[in-house]
Amino acid sequence: MSTVHVIDVESGNLQSLTNAIEYLGFRVQLIKDSQDPELLKAEKLILPGVGNYGHVYENILSRGFEKPIREYIASGKPIMGICVGLQVLFNSSTESPSSGGFGYVNHRLSRFNDDEKPVPEIGWNSVIPEKDLFFGLDPYKRYYFVHSYAGILDAATESSLKADGWRIAKAKYGSEEFIAAVYKDNIFATQFHPEKSGLAGLHIIENFLKQAHPGLPAYSEDEKSLLGNDYSNYGLTRRIIACLDVRTNDQGDLVVTKGDQYDVREKSGDNDVRNLGKPVQLAQKYYEQGADEVTFLNITSFRDSPVKDTPMLEVLRQTAKKVFVPLTVGGGIKDIVDPDGTHVSALEVASLYFRSGADKVSIGTDSVYAAEKYYANEGKGDGTSPIETISKAYGAQAVVISVDPKRVYVNDPSETKNKTIKTKFPNEKGQDVCWYQCTIKGGRESRDIGVWELARACEALGAGEILLNCIDKDGSNSGYDLELINHAKEAVKIPVIASSGAGNPAHFEEGFKQSAADACLGAGMFHREEYTVNDVKEYLLKKGLKVRVDKN
(Lines give C-alpha, C1' and ligand atoms only; values in the text may rest on other atoms or scores of the structure.)
Protein backbone atom coordinates (compact mmCIF):
# COMPACT_ATOMS: atom_id res chain seq x y z
CA MET A 1 0.00 0.00 0.00
CA SER A 2 1.48 3.35 -1.11
CA THR A 3 1.97 6.01 1.58
CA VAL A 4 0.88 9.64 1.26
CA HIS A 5 2.56 12.12 3.60
CA VAL A 6 0.50 15.04 4.94
CA ILE A 7 2.02 18.04 6.70
CA ASP A 8 0.18 18.79 9.94
CA VAL A 9 0.58 22.26 11.42
CA GLU A 10 -2.64 21.82 13.42
CA SER A 11 -4.72 23.91 11.06
CA GLY A 12 -8.24 22.60 10.61
CA ASN A 13 -9.78 19.23 9.92
CA LEU A 14 -7.14 16.72 8.79
CA GLN A 15 -9.27 13.76 9.79
CA SER A 16 -11.49 14.12 6.72
CA LEU A 17 -8.49 14.41 4.41
CA THR A 18 -6.96 11.33 6.04
CA ASN A 19 -10.24 9.46 5.64
CA ALA A 20 -10.54 10.45 1.98
CA ILE A 21 -7.02 9.25 1.17
CA GLU A 22 -7.53 5.98 3.04
CA TYR A 23 -10.90 5.52 1.32
CA LEU A 24 -9.00 5.63 -1.96
CA GLY A 25 -6.72 2.81 -0.82
CA PHE A 26 -3.63 4.68 0.34
CA ARG A 27 -1.91 4.87 3.70
CA VAL A 28 -1.53 8.26 5.41
CA GLN A 29 1.47 9.45 7.40
CA LEU A 30 1.04 12.78 9.20
CA ILE A 31 4.19 14.87 9.54
CA LYS A 32 4.01 17.11 12.61
CA ASP A 33 7.76 17.67 13.07
CA SER A 34 9.89 19.20 10.32
CA GLN A 35 12.78 16.99 11.49
CA ASP A 36 10.75 13.81 11.10
CA PRO A 37 12.82 11.43 8.92
CA GLU A 38 9.56 10.32 7.30
CA LEU A 39 9.53 13.62 5.43
CA LEU A 40 12.66 12.58 3.54
CA LYS A 41 10.90 9.39 2.45
CA ALA A 42 7.86 11.19 1.08
CA GLU A 43 7.02 10.47 -2.56
CA LYS A 44 3.68 12.31 -2.52
CA LEU A 45 3.17 15.25 -0.16
CA ILE A 46 0.00 17.17 0.69
CA LEU A 47 0.02 20.60 2.34
CA PRO A 48 -3.43 21.42 3.72
CA GLY A 49 -4.43 24.55 5.58
CA VAL A 50 -7.60 26.08 6.97
CA GLY A 51 -8.33 29.46 8.49
CA ASN A 52 -6.31 32.61 8.77
CA TYR A 53 -3.52 32.95 6.20
CA GLY A 54 -1.02 34.43 8.65
CA HIS A 55 -1.79 31.82 11.31
CA VAL A 56 -1.08 28.98 8.87
CA TYR A 57 2.01 30.50 7.27
CA GLU A 58 3.56 31.54 10.57
CA ASN A 59 2.98 28.02 11.89
CA ILE A 60 4.84 26.66 8.87
CA LEU A 61 7.75 28.98 9.61
CA SER A 62 7.83 28.54 13.39
CA ARG A 63 7.79 24.76 13.08
CA GLY A 64 10.66 24.77 10.65
CA PHE A 65 8.76 23.48 7.63
CA GLU A 66 9.70 26.16 5.10
CA LYS A 67 13.12 24.75 4.16
CA PRO A 68 12.07 21.08 3.87
CA ILE A 69 9.01 22.05 1.79
CA ARG A 70 11.20 24.09 -0.58
CA GLU A 71 13.67 21.22 -0.79
CA TYR A 72 10.88 18.76 -1.48
CA ILE A 73 9.51 20.96 -4.30
CA ALA A 74 13.01 21.36 -5.74
CA SER A 75 13.35 17.57 -5.83
CA GLY A 76 10.57 17.38 -8.41
CA LYS A 77 8.34 15.06 -6.40
CA PRO A 78 4.56 15.76 -6.45
CA ILE A 79 3.06 18.13 -3.89
CA MET A 80 -0.57 19.19 -3.52
CA GLY A 81 -1.79 22.25 -1.61
CA ILE A 82 -5.38 22.51 -0.36
CA CYS A 83 -7.19 25.76 0.53
CA VAL A 84 -4.71 27.86 2.56
CA GLY A 85 -2.19 25.25 1.41
CA LEU A 86 -2.69 26.79 -2.02
CA GLN A 87 -2.67 30.34 -0.71
CA VAL A 88 0.73 30.10 1.02
CA LEU A 89 2.27 29.34 -2.40
CA PHE A 90 1.50 32.98 -3.29
CA ASN A 91 3.59 36.04 -2.40
CA SER A 92 1.27 37.33 0.33
CA SER A 93 -2.33 38.01 1.34
CA THR A 94 -4.16 41.15 2.39
CA GLU A 95 -5.64 39.01 5.19
CA SER A 96 -2.26 39.07 6.96
CA PRO A 97 -0.20 41.91 5.43
CA SER A 98 2.83 41.30 7.66
CA SER A 99 3.13 37.65 6.62
CA GLY A 100 4.97 36.61 3.49
CA GLY A 101 4.49 33.48 1.43
CA PHE A 102 6.49 30.90 -0.50
CA GLY A 103 6.35 33.07 -3.62
CA TYR A 104 5.94 30.32 -6.19
CA VAL A 105 2.78 31.98 -7.53
CA ASN A 106 3.60 35.62 -8.27
CA HIS A 107 0.34 37.10 -7.03
CA ARG A 108 -1.19 38.59 -3.88
CA LEU A 109 -4.42 37.27 -2.40
CA SER A 110 -7.23 39.73 -1.65
CA ARG A 111 -10.68 39.68 -0.09
CA PHE A 112 -13.80 39.16 -2.14
CA ASN A 113 -15.97 42.23 -2.68
CA ASP A 114 -18.89 41.83 -0.27
CA ASP A 115 -20.95 44.68 -1.73
CA GLU A 116 -22.53 42.30 -4.25
CA LYS A 117 -22.47 38.90 -2.54
CA PRO A 118 -22.05 37.14 0.82
CA VAL A 119 -18.51 36.69 2.08
CA PRO A 120 -17.13 34.12 2.88
CA GLU A 121 -17.93 32.17 -0.26
CA ILE A 122 -19.45 29.03 1.22
CA GLY A 123 -20.84 26.49 -1.19
CA TRP A 124 -20.51 24.49 -4.36
CA ASN A 125 -18.98 26.25 -7.35
CA SER A 126 -17.66 25.02 -10.68
CA VAL A 127 -14.52 25.68 -12.68
CA ILE A 128 -14.77 27.67 -15.87
CA PRO A 129 -14.50 25.40 -18.95
CA GLU A 130 -10.99 25.26 -20.38
CA LYS A 131 -9.60 23.09 -23.17
CA ASP A 132 -6.69 21.89 -21.09
CA LEU A 133 -7.79 21.20 -17.50
CA PHE A 134 -5.69 18.94 -15.30
CA PHE A 135 -6.02 16.08 -12.77
CA GLY A 136 -9.54 15.39 -13.97
CA LEU A 137 -10.97 18.79 -13.09
CA ASP A 138 -14.42 18.83 -14.62
CA PRO A 139 -16.34 22.01 -15.51
CA TYR A 140 -19.57 20.03 -15.22
CA LYS A 141 -18.96 19.02 -11.61
CA ARG A 142 -19.23 21.10 -8.46
CA TYR A 143 -16.54 21.56 -5.81
CA TYR A 144 -16.84 22.84 -2.24
CA PHE A 145 -15.34 26.27 -1.58
CA VAL A 146 -15.18 28.00 1.80
CA HIS A 147 -13.01 31.14 1.85
CA SER A 148 -13.02 34.93 2.04
CA TYR A 149 -9.68 35.58 0.30
CA ALA A 150 -8.69 34.43 -3.16
CA GLY A 151 -6.26 34.89 -6.01
CA ILE A 152 -8.58 37.26 -7.85
CA LEU A 153 -7.75 37.55 -11.53
CA ASP A 154 -7.71 40.21 -14.19
CA ALA A 155 -6.49 39.71 -17.75
CA ALA A 156 -2.98 41.04 -17.08
CA THR A 157 -2.43 38.89 -13.97
CA GLU A 158 -3.71 35.78 -15.69
CA SER A 159 -1.45 36.41 -18.69
CA SER A 160 1.56 36.95 -16.43
CA LEU A 161 0.98 33.75 -14.46
CA LYS A 162 0.57 31.73 -17.62
CA ALA A 163 3.79 33.24 -18.95
CA ASP A 164 5.45 31.93 -15.78
CA GLY A 165 4.31 28.44 -16.75
CA TRP A 166 1.27 28.10 -14.51
CA ARG A 167 -1.81 26.34 -15.79
CA ILE A 168 -4.86 27.88 -14.15
CA ALA A 169 -8.35 26.59 -13.44
CA LYS A 170 -10.60 29.57 -12.83
CA ALA A 171 -13.88 29.93 -10.97
CA LYS A 172 -16.25 32.86 -10.71
CA TYR A 173 -18.02 34.17 -7.61
CA GLY A 174 -20.37 36.98 -8.45
CA SER A 175 -18.52 39.20 -10.90
CA GLU A 176 -15.04 38.21 -9.68
CA GLU A 177 -12.95 35.52 -11.36
CA PHE A 178 -10.40 33.82 -9.13
CA ILE A 179 -7.97 30.92 -9.07
CA ALA A 180 -9.71 27.63 -8.26
CA ALA A 181 -6.59 25.52 -8.90
CA VAL A 182 -3.07 25.85 -10.29
CA TYR A 183 -0.62 23.36 -11.78
CA LYS A 184 3.03 23.69 -12.77
CA ASP A 185 5.65 20.94 -12.99
CA ASN A 186 5.26 18.99 -9.73
CA ILE A 187 3.06 21.55 -7.90
CA PHE A 188 -0.71 21.19 -7.87
CA ALA A 189 -3.02 23.13 -5.55
CA THR A 190 -6.74 23.75 -5.13
CA GLN A 191 -8.61 26.57 -3.44
CA PHE A 192 -11.57 24.23 -2.94
CA HIS A 193 -11.62 21.26 -0.55
CA PRO A 194 -11.57 18.06 -2.63
CA GLU A 195 -11.95 15.93 0.51
CA LYS A 196 -15.26 17.72 1.12
CA SER A 197 -16.43 17.74 -2.50
CA GLY A 198 -18.11 14.35 -2.60
CA LEU A 199 -17.28 11.89 -5.36
CA ALA A 200 -16.07 14.68 -7.65
CA GLY A 201 -13.47 15.72 -5.07
CA LEU A 202 -12.35 12.17 -4.36
CA HIS A 203 -11.61 11.77 -8.07
CA ILE A 204 -9.33 14.84 -7.94
CA ILE A 205 -7.33 13.45 -5.00
CA GLU A 206 -7.08 10.05 -6.66
CA ASN A 207 -5.86 11.57 -9.92
CA PHE A 208 -3.18 13.54 -8.09
CA LEU A 209 -1.99 10.48 -6.18
CA LYS A 210 -1.84 8.50 -9.43
CA GLN A 211 -0.52 11.52 -11.37
CA ALA A 212 -3.28 11.02 -13.89
CA HIS A 213 -4.93 13.57 -16.19
CA PRO A 214 -8.07 11.89 -17.53
CA GLY A 215 -10.19 13.62 -20.15
CA LEU A 216 -13.76 14.70 -19.62
CA PRO A 217 -16.52 12.08 -19.62
CA ALA A 218 -18.97 12.23 -22.49
CA TYR A 219 -21.84 14.50 -21.48
CA SER A 220 -25.01 15.10 -23.43
CA GLU A 221 -26.06 18.68 -24.04
CA ASP A 222 -28.87 18.22 -21.51
CA GLU A 223 -26.36 17.02 -18.89
CA LYS A 224 -24.08 19.96 -19.62
CA SER A 225 -26.98 22.33 -19.10
CA LEU A 226 -27.91 20.61 -15.85
CA LEU A 227 -24.40 20.42 -14.41
CA GLY A 228 -22.52 23.36 -15.87
CA ASN A 229 -21.76 26.94 -14.95
CA ASP A 230 -24.66 29.15 -13.99
CA TYR A 231 -24.07 32.53 -12.41
CA SER A 232 -27.42 32.81 -10.73
CA ASN A 233 -26.88 32.75 -6.96
CA TYR A 234 -23.41 34.23 -7.61
CA GLY A 235 -22.36 30.98 -9.32
CA LEU A 236 -23.17 28.65 -6.43
CA THR A 237 -25.69 25.83 -6.43
CA ARG A 238 -28.55 25.98 -3.95
CA ARG A 239 -27.20 24.38 -0.79
CA ILE A 240 -29.37 21.74 0.95
CA ILE A 241 -28.36 20.87 4.52
CA ALA A 242 -29.56 17.88 6.53
CA CYS A 243 -29.69 18.57 10.26
CA LEU A 244 -29.60 15.98 13.04
CA ASP A 245 -30.52 16.90 16.62
CA VAL A 246 -28.56 14.43 18.75
CA ARG A 247 -29.01 13.62 22.42
CA THR A 248 -29.05 10.72 24.83
CA ASN A 249 -32.40 9.13 25.60
CA ASP A 250 -33.51 7.85 28.99
CA GLN A 251 -31.66 4.59 28.40
CA GLY A 252 -28.39 6.38 27.74
CA ASP A 253 -28.36 5.69 23.98
CA LEU A 254 -27.29 8.39 21.55
CA VAL A 255 -30.17 9.04 19.14
CA VAL A 256 -31.34 11.51 16.53
CA THR A 257 -34.50 13.22 17.69
CA LYS A 258 -36.85 16.01 16.62
CA GLY A 259 -39.42 18.01 18.52
CA ASP A 260 -42.12 20.60 18.20
CA GLN A 261 -40.94 23.96 19.49
CA TYR A 262 -37.99 22.12 21.05
CA ASP A 263 -40.04 19.52 22.96
CA VAL A 264 -38.45 16.23 21.88
CA ARG A 265 -40.40 13.82 24.07
CA GLU A 266 -43.16 11.54 22.87
CA LYS A 267 -46.63 12.81 23.71
CA SER A 268 -47.88 9.37 24.72
CA GLY A 269 -46.58 6.05 26.03
CA ASP A 270 -43.41 6.20 28.11
CA ASN A 271 -42.77 9.90 27.26
CA ASP A 272 -39.20 8.97 26.31
CA VAL A 273 -37.07 11.03 23.95
CA ARG A 274 -38.31 10.62 20.37
CA ASN A 275 -35.91 8.20 18.62
CA LEU A 276 -35.57 8.71 14.87
CA GLY A 277 -32.39 6.73 14.31
CA LYS A 278 -28.66 6.55 14.88
CA PRO A 279 -26.65 9.66 13.98
CA VAL A 280 -23.84 8.06 11.94
CA GLN A 281 -26.18 5.90 9.86
CA LEU A 282 -28.57 8.78 9.18
CA ALA A 283 -25.73 11.13 8.22
CA GLN A 284 -24.43 8.58 5.72
CA LYS A 285 -27.92 8.09 4.30
CA TYR A 286 -28.38 11.81 3.73
CA TYR A 287 -24.93 12.10 2.15
CA GLU A 288 -25.81 9.30 -0.26
CA GLN A 289 -29.10 11.07 -1.04
CA GLY A 290 -27.13 14.18 -2.06
CA ALA A 291 -27.00 16.41 1.03
CA ASP A 292 -24.53 19.25 0.51
CA GLU A 293 -23.74 19.44 4.23
CA VAL A 294 -24.63 17.59 7.40
CA THR A 295 -25.13 19.42 10.70
CA PHE A 296 -25.13 17.75 14.10
CA LEU A 297 -26.67 19.73 16.95
CA ASN A 298 -25.80 18.21 20.31
CA ILE A 299 -28.84 19.14 22.38
CA THR A 300 -27.48 17.58 25.56
CA SER A 301 -24.14 18.64 26.96
CA PHE A 302 -22.92 15.20 28.11
CA ARG A 303 -22.07 16.99 31.36
CA ASP A 304 -20.79 13.88 33.10
CA SER A 305 -18.21 13.11 30.41
CA PRO A 306 -14.70 14.53 30.19
CA VAL A 307 -14.46 16.61 27.01
CA LYS A 308 -12.04 14.16 25.40
CA ASP A 309 -14.63 11.39 25.83
CA THR A 310 -17.64 13.34 24.57
CA PRO A 311 -19.80 10.90 22.57
CA MET A 312 -20.16 13.43 19.75
CA LEU A 313 -16.44 13.14 19.02
CA GLU A 314 -16.89 9.48 18.14
CA VAL A 315 -19.96 10.31 16.06
CA LEU A 316 -17.83 12.72 14.05
CA ARG A 317 -14.94 10.26 13.68
CA GLN A 318 -17.20 7.55 12.33
CA THR A 319 -19.23 9.90 10.12
CA ALA A 320 -16.12 11.48 8.56
CA LYS A 321 -14.99 8.04 7.37
CA LYS A 322 -18.04 7.74 5.13
CA VAL A 323 -19.36 11.24 4.49
CA PHE A 324 -17.29 13.48 2.19
CA VAL A 325 -19.21 16.73 2.46
CA PRO A 326 -18.84 19.41 5.16
CA LEU A 327 -19.79 18.50 8.73
CA THR A 328 -20.91 21.08 11.29
CA VAL A 329 -21.30 20.34 14.99
CA GLY A 330 -23.01 22.50 17.60
CA GLY A 331 -23.63 22.25 21.32
CA GLY A 332 -21.13 22.66 24.14
CA ILE A 333 -18.71 24.85 22.15
CA LYS A 334 -17.81 27.04 25.11
CA ASP A 335 -15.40 27.39 28.01
CA ILE A 336 -16.17 24.50 30.34
CA VAL A 337 -14.86 22.74 33.43
CA ASP A 338 -14.33 18.98 33.18
CA PRO A 339 -15.69 16.73 35.97
CA ASP A 340 -12.15 16.55 37.40
CA GLY A 341 -12.00 20.35 37.69
CA THR A 342 -9.84 20.95 34.59
CA HIS A 343 -10.68 24.16 32.73
CA VAL A 344 -11.07 23.63 28.99
CA SER A 345 -11.38 26.66 26.69
CA ALA A 346 -13.88 26.94 23.85
CA LEU A 347 -10.95 26.93 21.43
CA GLU A 348 -9.71 23.63 22.85
CA VAL A 349 -13.21 22.14 22.62
CA ALA A 350 -13.52 23.28 19.01
CA SER A 351 -10.07 21.90 18.21
CA LEU A 352 -11.14 18.47 19.46
CA TYR A 353 -14.14 18.57 17.16
CA PHE A 354 -12.04 19.70 14.19
CA ARG A 355 -9.53 16.92 14.76
CA SER A 356 -12.40 14.43 14.90
CA GLY A 357 -13.82 15.41 11.53
CA ALA A 358 -15.84 18.63 11.92
CA ASP A 359 -15.34 21.46 9.44
CA LYS A 360 -17.39 24.06 11.28
CA VAL A 361 -18.59 24.57 14.84
CA SER A 362 -21.91 26.12 15.75
CA ILE A 363 -22.18 28.41 18.78
CA GLY A 364 -25.59 29.08 20.34
CA THR A 365 -26.09 30.45 23.85
CA ASP A 366 -22.55 31.81 24.08
CA SER A 367 -23.05 33.82 20.90
CA VAL A 368 -25.85 35.71 22.68
CA TYR A 369 -23.62 36.36 25.69
CA ALA A 370 -20.85 37.54 23.34
CA ALA A 371 -23.20 39.92 21.51
CA GLU A 372 -24.49 41.40 24.77
CA LYS A 373 -20.92 41.92 25.94
CA TYR A 374 -20.02 43.48 22.58
CA TYR A 375 -22.69 46.17 22.95
CA ALA A 376 -21.90 46.73 26.61
CA ASN A 377 -18.30 47.34 25.51
CA GLU A 378 -19.37 50.09 23.08
CA GLY A 379 -19.31 47.89 20.00
CA LYS A 380 -15.99 46.16 20.56
CA GLY A 381 -14.90 42.63 21.29
CA ASP A 382 -12.34 41.88 23.99
CA GLY A 383 -10.87 38.83 22.25
CA THR A 384 -12.13 36.31 24.78
CA SER A 385 -15.43 35.07 23.34
CA PRO A 386 -15.58 31.67 21.63
CA ILE A 387 -16.40 33.43 18.36
CA GLU A 388 -13.22 35.50 18.52
CA THR A 389 -10.81 32.83 19.74
CA ILE A 390 -11.98 30.15 17.30
CA SER A 391 -12.21 32.41 14.24
CA LYS A 392 -8.76 33.85 14.96
CA ALA A 393 -7.23 30.37 14.83
CA TYR A 394 -9.41 28.66 12.23
CA GLY A 395 -10.96 31.49 10.24
CA ALA A 396 -14.43 33.02 10.13
CA GLN A 397 -15.67 30.25 7.84
CA ALA A 398 -15.24 27.74 10.69
CA VAL A 399 -17.63 29.58 13.05
CA VAL A 400 -21.41 29.32 12.66
CA ILE A 401 -23.81 31.17 14.95
CA SER A 402 -26.95 29.21 15.81
CA VAL A 403 -29.79 31.59 16.67
CA ASP A 404 -33.09 30.57 18.34
CA PRO A 405 -35.49 33.55 18.06
CA LYS A 406 -39.21 34.02 18.55
CA ARG A 407 -41.59 36.76 17.50
CA VAL A 408 -42.56 39.46 19.98
CA TYR A 409 -45.38 41.78 18.87
CA VAL A 410 -45.51 45.44 19.97
CA ASN A 411 -47.82 48.35 19.28
CA ASP A 412 -45.02 50.63 18.15
CA PRO A 413 -41.25 50.33 17.43
CA SER A 414 -40.59 52.72 20.30
CA GLU A 415 -41.55 49.96 22.75
CA THR A 416 -38.28 48.12 22.19
CA LYS A 417 -34.64 49.06 21.67
CA ASN A 418 -34.37 46.27 19.11
CA LYS A 419 -35.00 46.62 15.37
CA THR A 420 -38.58 45.82 14.37
CA ILE A 421 -40.35 44.89 11.15
CA LYS A 422 -43.85 45.57 9.89
CA THR A 423 -45.17 42.06 9.36
CA LYS A 424 -47.71 40.74 6.87
CA PHE A 425 -48.97 38.43 9.61
CA PRO A 426 -50.60 40.41 12.47
CA ASN A 427 -51.37 38.56 15.70
CA GLU A 428 -54.82 37.99 17.16
CA LYS A 429 -54.72 41.48 18.68
CA GLY A 430 -54.14 43.03 15.28
CA GLN A 431 -50.58 44.10 16.07
CA ASP A 432 -48.49 44.21 12.89
CA VAL A 433 -45.14 45.35 14.34
CA CYS A 434 -42.78 42.77 15.79
CA TRP A 435 -39.18 42.02 16.62
CA TYR A 436 -37.35 38.71 16.89
CA GLN A 437 -36.20 38.03 20.43
CA CYS A 438 -33.15 35.79 20.89
CA THR A 439 -33.34 32.95 23.37
CA ILE A 440 -30.70 30.82 25.06
CA LYS A 441 -30.44 27.36 26.63
CA GLY A 442 -32.51 25.65 23.95
CA GLY A 443 -35.23 28.27 23.95
CA ARG A 444 -35.85 28.09 27.67
CA GLU A 445 -34.72 31.64 28.49
CA SER A 446 -35.33 34.90 26.60
CA ARG A 447 -32.91 37.82 26.36
CA ASP A 448 -33.43 41.47 25.51
CA ILE A 449 -31.55 41.34 22.23
CA GLY A 450 -32.96 40.92 18.74
CA VAL A 451 -31.82 38.82 15.81
CA TRP A 452 -30.76 41.90 13.84
CA GLU A 453 -28.57 43.16 16.70
CA LEU A 454 -27.15 39.71 17.44
CA ALA A 455 -26.27 39.01 13.81
CA ARG A 456 -24.41 42.31 13.39
CA ALA A 457 -22.45 41.82 16.61
CA CYS A 458 -21.46 38.24 15.81
CA GLU A 459 -20.36 39.17 12.29
CA ALA A 460 -18.16 41.90 13.77
CA LEU A 461 -16.70 39.44 16.29
CA GLY A 462 -15.66 37.03 13.54
CA ALA A 463 -18.53 34.67 12.75
CA GLY A 464 -18.72 33.47 9.16
CA GLU A 465 -22.26 32.11 8.89
CA ILE A 466 -25.61 32.21 10.68
CA LEU A 467 -27.86 29.20 11.26
CA LEU A 468 -31.22 30.90 11.65
CA ASN A 469 -33.72 28.78 13.56
CA CYS A 470 -37.23 29.91 14.54
CA ILE A 471 -39.02 28.73 17.66
CA ASP A 472 -42.43 29.71 16.25
CA LYS A 473 -41.88 27.55 13.15
CA ASP A 474 -40.07 24.59 14.70
CA GLY A 475 -41.90 21.34 13.95
CA SER A 476 -44.75 23.16 12.19
CA ASN A 477 -44.05 21.86 8.65
CA SER A 478 -45.53 25.17 7.47
CA GLY A 479 -42.45 26.58 5.78
CA TYR A 480 -39.66 28.93 6.83
CA ASP A 481 -40.26 32.34 8.39
CA LEU A 482 -39.31 34.28 5.26
CA GLU A 483 -39.65 37.66 6.99
CA LEU A 484 -37.17 36.55 9.64
CA ILE A 485 -34.66 35.40 7.02
CA ASN A 486 -34.80 38.68 5.10
CA HIS A 487 -34.59 40.64 8.36
CA ALA A 488 -31.37 38.82 9.31
CA LYS A 489 -29.92 39.14 5.80
CA GLU A 490 -30.39 42.91 5.95
CA ALA A 491 -28.17 43.00 9.02
CA VAL A 492 -25.11 41.15 7.70
CA LYS A 493 -23.03 40.27 4.66
CA ILE A 494 -22.16 36.73 5.77
CA PRO A 495 -24.25 33.75 4.59
CA VAL A 496 -27.50 32.89 6.36
CA ILE A 497 -28.95 29.37 6.57
CA ALA A 498 -32.75 29.09 6.75
CA SER A 499 -33.92 26.59 9.38
CA SER A 500 -37.16 25.51 11.10
CA GLY A 501 -40.46 24.81 9.39
CA ALA A 502 -39.57 22.92 6.19
CA GLY A 503 -42.16 20.22 5.59
CA ASN A 504 -42.00 19.61 1.83
CA PRO A 505 -39.82 20.48 -1.20
CA ALA A 506 -41.89 23.57 -2.05
CA HIS A 507 -40.73 25.18 1.20
CA PHE A 508 -37.14 25.02 -0.03
CA GLU A 509 -38.18 26.74 -3.25
CA GLU A 510 -39.88 29.47 -1.19
CA GLY A 511 -36.75 29.83 0.93
CA PHE A 512 -34.60 30.43 -2.11
CA LYS A 513 -37.01 32.46 -4.24
CA GLN A 514 -38.91 34.51 -1.65
CA SER A 515 -36.05 35.19 0.74
CA ALA A 516 -32.34 35.85 0.46
CA ALA A 517 -31.37 32.59 2.19
CA ASP A 518 -27.95 31.27 1.20
CA ALA A 519 -28.83 27.70 2.20
CA CYS A 520 -31.89 25.82 3.40
CA LEU A 521 -31.92 23.18 6.11
CA GLY A 522 -34.28 20.27 6.65
CA ALA A 523 -34.65 17.81 9.52
CA GLY A 524 -37.93 16.14 10.49
CA MET A 525 -39.21 15.68 6.93
CA PHE A 526 -36.04 13.72 6.17
CA HIS A 527 -35.99 11.77 9.43
CA ARG A 528 -39.61 10.70 9.03
CA GLU A 529 -38.83 9.64 5.43
CA GLU A 530 -41.63 11.79 4.05
CA TYR A 531 -39.13 13.14 1.51
CA THR A 532 -35.50 12.46 0.67
CA VAL A 533 -32.81 15.04 0.00
CA ASN A 534 -32.85 13.90 -3.61
CA ASP A 535 -36.63 14.54 -3.77
CA VAL A 536 -35.95 18.14 -2.78
CA LYS A 537 -33.19 18.54 -5.35
CA GLU A 538 -35.24 17.05 -8.18
CA TYR A 539 -38.10 19.40 -7.29
CA LEU A 540 -35.79 22.43 -7.28
CA LEU A 541 -34.33 21.45 -10.65
CA LYS A 542 -37.83 21.38 -12.12
CA LYS A 543 -38.36 24.87 -10.72
CA GLY A 544 -35.24 26.19 -12.46
CA LEU A 545 -32.87 26.24 -9.48
CA LYS A 546 -29.39 24.76 -9.88
CA VAL A 547 -28.39 22.10 -7.36
CA ARG A 548 -25.35 19.86 -7.04
CA VAL A 549 -25.61 16.45 -8.68
CA ASP A 550 -22.80 14.10 -7.64
CA LYS A 551 -22.86 10.80 -9.50
CA ASN A 552 -20.21 8.56 -11.03
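Which strand gives the largest share of the lining of the second largest cavity? The legends below take this up along with the other close-ups of this predicted model.

**Figure 1. The second largest cavity and its lining.** Let's start with the opening question: strand 7 (residues 121-125) contributes 3 residues to this lining, the largest share. The space inside the second largest cavity comes to about 90 Å³. In total, 13 residues form its lining, and those nearest the centre are Ile-122, Asn-233, Leu-236, Arg-239 and Asp-518. Sorted by character, the lining has 8 nonpolar, 3 polar and 2 charged residues. Because domain 1 (3-234) and domain 2 (239-261 + 274-405 + 461-543) both give residues to the lining, the second largest cavity lies between them.

**Figure 2. The largest cavity, set between two domains.** The model holds 6 cavities of 30 Å³ or more, and here we zoom in on the largest, with a volume of about 170 Å³. Its lining is made of 15 residues, with Asn-13, Val-50, Val-146, His-193 and Asp-359 closest to the centre. Among the lining residues of the largest cavity, 7 are nonpolar, 4 polar and 4 charged. Where does the largest cavity lie with respect to domain 1 and domain 2? Residues from domain 1 (3-234) and from domain 2 (239-261 + 274-405 + 461-543) both take part in the lining, so the largest cavity lies between these domains.

**Figure 3. The positions annotated as "active site".** An unreviewed UniProt entry gives this feature to Cys-83, His-193, Glu-195, Asp-245 and Asp-404. These residues span 322 residues of sequence and are also spread in space, with up to 31.8 Å between C-alpha atoms. Two of the annotated residues, His-193 and Glu-195, belong to the lining of the largest cavity, which links this view to the previous one.

**Figure 4. A closer look at His-193 and its contacts.** Is His-193 buried or exposed? Its relative accessibility is 7%, and because buried means under 20%, His-193 counts as buried. You can find His-193 in the loop between strand 12 (187-190) and helix 7 (198-210). Leaving aside residues up to four places away in sequence, His-193 touches Val-50, Ile-82, Cys-83, Tyr-144 and Val-146. Of these contacts, Val-50 and Val-146 are, like His-193 itself, among the residues closest to the centre of the largest cavity. Cys-83, another contact of His-193, is also one of the positions that UniProt lists under "active site".

Key: Residues are numbered from 1 along each chain as its sequence is written. This is a predicted model: local features need pLDDT of at least 70, side-chain atom pairs count only at pLDDT 80 or more; totals for chains, interfaces and linings use all residues. Side-chain values use heavy atoms; hydrogens and water are left out. On a 1 Å grid over the protein atoms alone, a cavity is a set of points where a 1.4 Å probe fits but cannot get out, and a pocket is an open set with protein on both sides within 12 Å along at least five of seven lines; lining residues have an atom within 4 Å of a point. Grid points are joined across faces, edges and corners, and a volume is the space filled by probe spheres set on the points. Ala, Val, Leu, Ile, Met, Phe, Trp, Tyr, Cys and Pro count as nonpolar, Asp, Glu, Lys and Arg as charged, and the others, Gly among them, as polar. Domain bounds come from an automatic or database domain assignment. Helices (H or I, at least four residues) and strands (E, at least two) are DSSP runs, numbered from the N terminus. UniProt positions are given in the numbering used here, feature names are shortened, and annotations may be inferred rather than shown by experiment. Buried means under 20% relative accessible area, exposed over 50%, partly exposed in between (1.4 Å probe, protein chains only). Contact means heavy atoms within 4.5 Å.
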